[in-house]
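The following exercises concern side-chain packing and aromatic pairs. Please work through each task before reading its solution.

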Amino acid sequence: GISGGYSSSTGFRTEATYRDRNVFDRLWDLRAAVRLEQKQQLSYADFYLPPTDQRRLDSFGVLFDRSNIEGLLQTRAAVALKRSTTAGAVEQTLGVKYSEEKASYADDFGVRNDNKSQALVASVAWIWRAVDDVFAPRKGHRAQFETMISNQALVSDQSFVRAYGKYQYWLPIGKHDTLLLRAEAGKVFSNSADNIPNGYLFRTGGSTSVRGYAYQSLGVKSGGAVLGGRIVGVASAEYIHWLDNTVGVAGFVDSGDAAADWKSFQAKQGIGLGARVKTLAGPIALDLAYGNKTRKLRLDFSIAIAF
């Protein structure tokens with residue numbers, strides 16, 4: 001299939017997808033796509049093996065992507081193995097991924113830096129969902145925690161441990177309104193951020209994190225570029241008032257930052273108003289936010305799905 005769209009984070013998009021449920025006559029489920037956006041381009045092919053257990057799904061795949069966001073030009077190639085297991089409201093994912101990345105940016109002196117890095121990463125993640133409606137929740141919780149480990153003794157250029165968590169809470173107010181609270185935090189434990197692929201470091205800002213700031217514009221500054229940091233922290237509160245069953249208005253306050261360490265962490269705030277429209281794919285969000293650091297208004301557009 002072919003589709004198109006627009007995101008305030010990465011611009012206009014066109015995407016071609018392909019699916020074959022019986023690759024090599026082995027009942028392997030192939031899901032592949034090529035996605036072209038103004039700031040990011042990627043292609044991937046994932047093979048899902050026939051389930052031997054209704055609760056378990058094994059897969060492997062390859063990915064190539066290129067992005068040019070906030071002065072950081074990244075190209076990446078990766079191959080991964082993954083096993084997802086569902087038990088009630090909890091989904092667990094075990095994975096192994098090998099990736100090679102090239103990052104190019106200008107430093108404080110205008111000198112172009114081209115850094116290559118590779119990492120073999122083992123990961124485990126849990127997602128817990130307990131909501132009244134998967135696509136448009138008004139009540140419930142969603143919690144996510146992920147940890148990754150990489151060691152120099154096994155291919156990687158740098159040893160590190162990456163921990164990340166995110167929590168969302170929907171509280172119904174009256175018959176139709178909703179209060180949404182969100183918090184996320186992450187840290188990369190390592191001797192240095194050098195030689196760690198930027199994909200494993202943290203940047204934030206944009207429609208799903210700190211509104212009022214450009215996508216991934218909060219991080220470690222280097223000349224005209226924003227690089228990934230070893231620390232991230234974000235908190236948000238949003239109140240949604242539904243005018244009818246389809247259209248609503250929202251008010252929100254976001255705060256957060258990504259940085260090299262907690263000493264250099266300086267939370268930036270965004271405050272604003274937005275519109276919400278319910279669709280079959282989830283609520284569409286159009287937000288106008290003011291960033292206290294940039295002292296500018298920014299318009300963000302997204303489909304507000306948490307899953």
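**Exercise 1. An aromatic cluster**

Phenylalanine 24 has a relative accessible area of 61% and is therefore exposed. The model examined here is a predicted one.

Task: Classify tryptophan 28 as buried or exposed, and determine how its ring is arranged relative to that of phenylalanine 24.

Solution.
- Step 1. Buried requires a relative accessible area under 20%. Tryptophan 28 has 18% relative accessibility, so this residue counts as buried.
- Step 2. A pair of aromatic rings is described by the distance of the centres and the angle of the planes. For phenylalanine 24 and tryptophan 28, the centres are 6.0 Å apart and the planes stand at 75°.
- Step 3. Ring centres within 6.5 Å make a pair, and planes over 60 degrees apart count as edge-to-face. The pair of phenylalanine 24 and tryptophan 28 is therefore edge-to-face.

Task: Which parts of the chain does the pair of tryptophan 28 and phenylalanine 47 tie together?

Solution.
- Step 1. The two rings lie 6.2 Å centre to centre with 70° between the planes, an edge-to-face arrangement.
- Step 2. Tryptophan 28 belongs to strand E3 (residues 28-37) and phenylalanine 47 to strand E4 (residues 40-48), so the pair joins parts that are 19 residues apart in sequence.
- Step 3. Both tryptophan 28 and phenylalanine 47 are buried.
- Step 4. Ring pairs connect Phe24, Trp28, Phe47 and Phe60 into a cluster. The whole structure holds eight aromatic pairs.

**Exercise 2. The nonpolar cores**

Task: Identify the residues with the most contacts inside the largest nonpolar core, and the elements that give two or more residues to this core.

Solution.
- Step 1. The largest nonpolar core comprises 16 residues, and Val121, Phe160, Val188, Ile196, Tyr200 and Phe202 have the most contacts inside it.
- Step 2. Two or more residues each come from strand E8 (112-131), strand E10 (160-173) and strand E14 (231-242).
- Step 3. A second, separate core has six residues, among them Trp28, Leu30, Ala32 and Phe47.
- Step 4. Leaving aside residues up to four places away in sequence, phenylalanine 160 touches residues including Val121, Val188, Ile196 and Tyr200.

**Exercise 3. A nonpolar surface patch**

Task: Which strand gives the most to the nonpolar patch?

Solution.
- Step 1. Val253, Ile271, Leu286, Leu288, Tyr290, Leu297 and Leu299 make a nonpolar surface patch of about 640 Å².
- Step 2. At least two residues of the patch come from each of strand E17 (284-291) and strand E18 (296-303). Isoleucine 271 is located in strand E16 (residues 268-277).
- Step 3. With three residues, E17 gives the most to the patch.

Key
Residues are numbered from 1 along each chain as its sequence is written. This is a predicted model: local features need pLDDT of at least 70, side-chain atom pairs count only at pLDDT 80 or more; totals for chains, interfaces and linings use all residues. Side-chain values use heavy atoms; hydrogens and water are left out. A nonpolar core is a set of buried Ala, Val, Leu, Ile, Met, Phe, Trp, Tyr and Cys residues joined through side-chain atoms within 4.5 Å. Buried means under 20% relative accessible area, exposed over 50%, partly exposed in between (1.4 Å probe, protein chains only). Helices (H or I, at least four residues) and strands (E, at least two) are DSSP runs, numbered from the N terminus. Contact means heavy atoms within 4.5 Å. Patches are made of residues with over 30% relative accessible area and no salt bridge: like charges are joined within 9 Å, nonpolar side chains (Val, Leu, Ile, Met, Phe, Trp, Tyr) within 5 Å. Accessible areas come from the Shrake-Rupley method with a 1.4 Å probe; for residues, only the protein chains shown count as cover. A salt bridge is a side-chain nitrogen of Lys or Arg within 4 Å of a carboxyl oxygen of Asp or Glu. Rings of Phe, Tyr and Trp (its six-membered ring) pair if their centres lie within 6.5 Å; planes under 30 degrees apart count as stacked, over 60 as edge-to-face and the rest as tilted.
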